[in-house]
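Good morning. Please have the sequence and the structure in front of you, and I will go through them piece by piece.

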Amino acid sequence: MKLKIQLVMAGMILFLAFQALAQVSLKNKPRVVTGELVIKYKAGTVLANTVQSLGDMGVVQISSAPKLSFIKGRVAPGRDLEQVMAQCRAHSDIEYVEPNYRLYALETPPVFPNDPEFSQLYGMHQSNDNDIDAPEAWELTTGNASIIVGVIDTGIDYDHEDLKANIWKNPGESGGGKENNNVDDDGNGYKDDYRGWNFIFDSNDPYDDNDHGTHCAGTIGAV
């Protein structure tokens, strides 16, 4: 019995280790098939005519699924992928076109934060997928504190509980009383701009009086 338990535990450890290694290795795998497109043509369209039109635009058919109105194609050598996709989107027979994305077994799931109010951020994630796919992006990276993002908007609530820990401070205008000494310590033309500048009122207080800038800043860098 003891041996059986040990074998089960060993099997579980090996499985978890394999899964972890597989998930890490997937991050370095290509996300698309280079040069390939998936084209959805409109219902009622004659497949042969669409294939001919695609050929004129520089797409060589690889395969098709007529019952689903899909064509898989490859961009001809010497043709620009983005230009070909733009031509396809403009064609009257084509419903949409996209790169041939790769999906892998054991891909890491989307990452959801532990914020109890996350569901109120409708733009981050919705069941109908009308969103920016934030959890899917966090699967790849959850950011880097060394990256500075400038938000040109209605200002920012720099005292907000989800933002104050991540508000950038201008190192040239911070510390030793530089924040309010009425001196342009960093020589950039703005006095005491230690947390940005209010270009409407020409002051060093970029506090948000509209909430839109705070909303955008929260999408970018809330804790």
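Start with Arg 74 and Glu 36, whose side chains meet in a salt bridge, at 3.7 Å from N to O. Arg 74 belongs to strand β3 and Glu 36 to strand β1, so this pair ties together parts that are 38 residues apart in sequence. I should say at once that this is a predicted model.

Why can two such side chains pair? Side chains of opposite charge can do so when their charged atoms come close.

Now look at how much of each partner is covered. Arg 74 counts as partly exposed, at 41% relative accessibility. Glu 36, at 11%, counts as buried, because the cut-off for buried is under 20%.

How many salt bridges does the structure hold? It holds two. The other pair to look at is Glu 95 with Lys 40, where the closest N and O atoms are 3.3 Å apart. Glu 95 lies in strand β4 and Lys 40 in strand β1, so here the parts tied together are 55 residues apart in sequence. Glu 95 is partly exposed, with 46% relative accessibility, and Lys 40 is buried, with 14%.

Let me step back to the whole chain. The protein has five helices and four strands. Along the sequence, they come in the pattern α-β-α-β-β-α-β-α-α. There are 223 residues, and 25% of them count as buried. If you take contacts between residues at least 6 apart in sequence, 58% of them join residues at least 24 apart. The accessible surface is about 15300 Å², and carbon and sulfur atoms account for 57% of that.

Next, helix α2, which covers residues 47–57. Which of its residues are buried? They are Thr 50, Ser 53, Leu 54 and Met 57. Looking down the axis of α2, you find these buried residues within an arc of 100°, so they line one face of the helix. On the other side of α2, the exposed residues are Ala 48, Gln 52 and Asp 56. The buried residues pack against β1, β2, β3, α3 and β4. Just after α2 comes Gly 58, with a positive phi of about 100°.

Helix α3, residues 81–90, can be read in a similar way. Its buried residues are Val 84, Met 85 and Cys 88. Down the axis of α3, they too fall within an arc of 100°, so they line one face. The face turned away from that buried side carries Glu 82, Gln 83 and Ala 90, which are exposed. What do the buried residues of α3 pack against? Their partners are the strands β1 (32–41), β2 (59–65), β3 (70–75) and β4 (94–101), together with helix α2. At the start of α3 there is one detail to find: a side-chain oxygen of Asp 80 comes to within 3.2 Å of the backbone nitrogen of Glu 82.

Now move to the loop between α4 and α5. Helix α4 is residues 134–140 and α5 is residues 212–221. I will pick three residues from this loop.

The first on my list is Thr 142, which lies in that loop. Is Thr 142 buried or exposed? It is exposed, with a relative accessible area of 64%. Thr 142 is 31 residues from Val 111 in sequence, and their C-alpha atoms are 8.9 Å apart in space.

Next is Val 149, also placed in the loop between α4 and α5. Val 149 is partly exposed, with a relative accessible area of 46%. Together with Ile 147, Val 151 and Ile 220, Val 149 forms a nonpolar patch on the surface. The accessible area of these residues comes to about 360 Å² together.

Last is Asn 198, again in the loop between α4 and α5. Asn 198 is buried, at 13% relative accessible area. What does Asn 198 touch? Leaving out residues up to four places away in sequence, it touches Ser 203, Asp 205 and Pro 206. A polar atom of the Asn 198 side chain also lies 3.0 Å from the backbone nitrogen of Ile 200.

To close, go back to the two salt bridges. One joins β3 to β1 through Arg 74 and Glu 36, and the other joins β4 to β1 through Glu 95 and Lys 40. Find those pairs on your own screen, then look for the buried face of α2 and that of α3.

Conventions. Residues numbered from 1 in each chain as written. Predicted model: local features only at pLDDT ≥ 70, side-chain atom pairs only at ≥ 80, totals over all residues. Heavy atoms only, no water. Buried < 20%, exposed > 50% of the residue type's maximum accessible area, 1.4 Å probe, protein only. Helix = DSSP H or I, 4+ residues; strand = E, 2+ residues; numbered from the N terminus. Arc of directions from axis to C-beta. Contact = heavy atoms within 4.5 Å. Polar contact = N/O pair within 3.5 Å; in protein donor to acceptor, adjacent residues only side chain to side chain. Patch = residues over 30% accessible without salt bridge, like charges linked within 9 Å, V, L, I, M, F, W, Y side chains within 5 Å. Areas by Shrake-Rupley, 256 points an atom, 1.4 Å probe, with all protein chains shown as cover. Salt bridge = Lys/Arg side-chain N within 4 Å of Asp/Glu carboxyl O.
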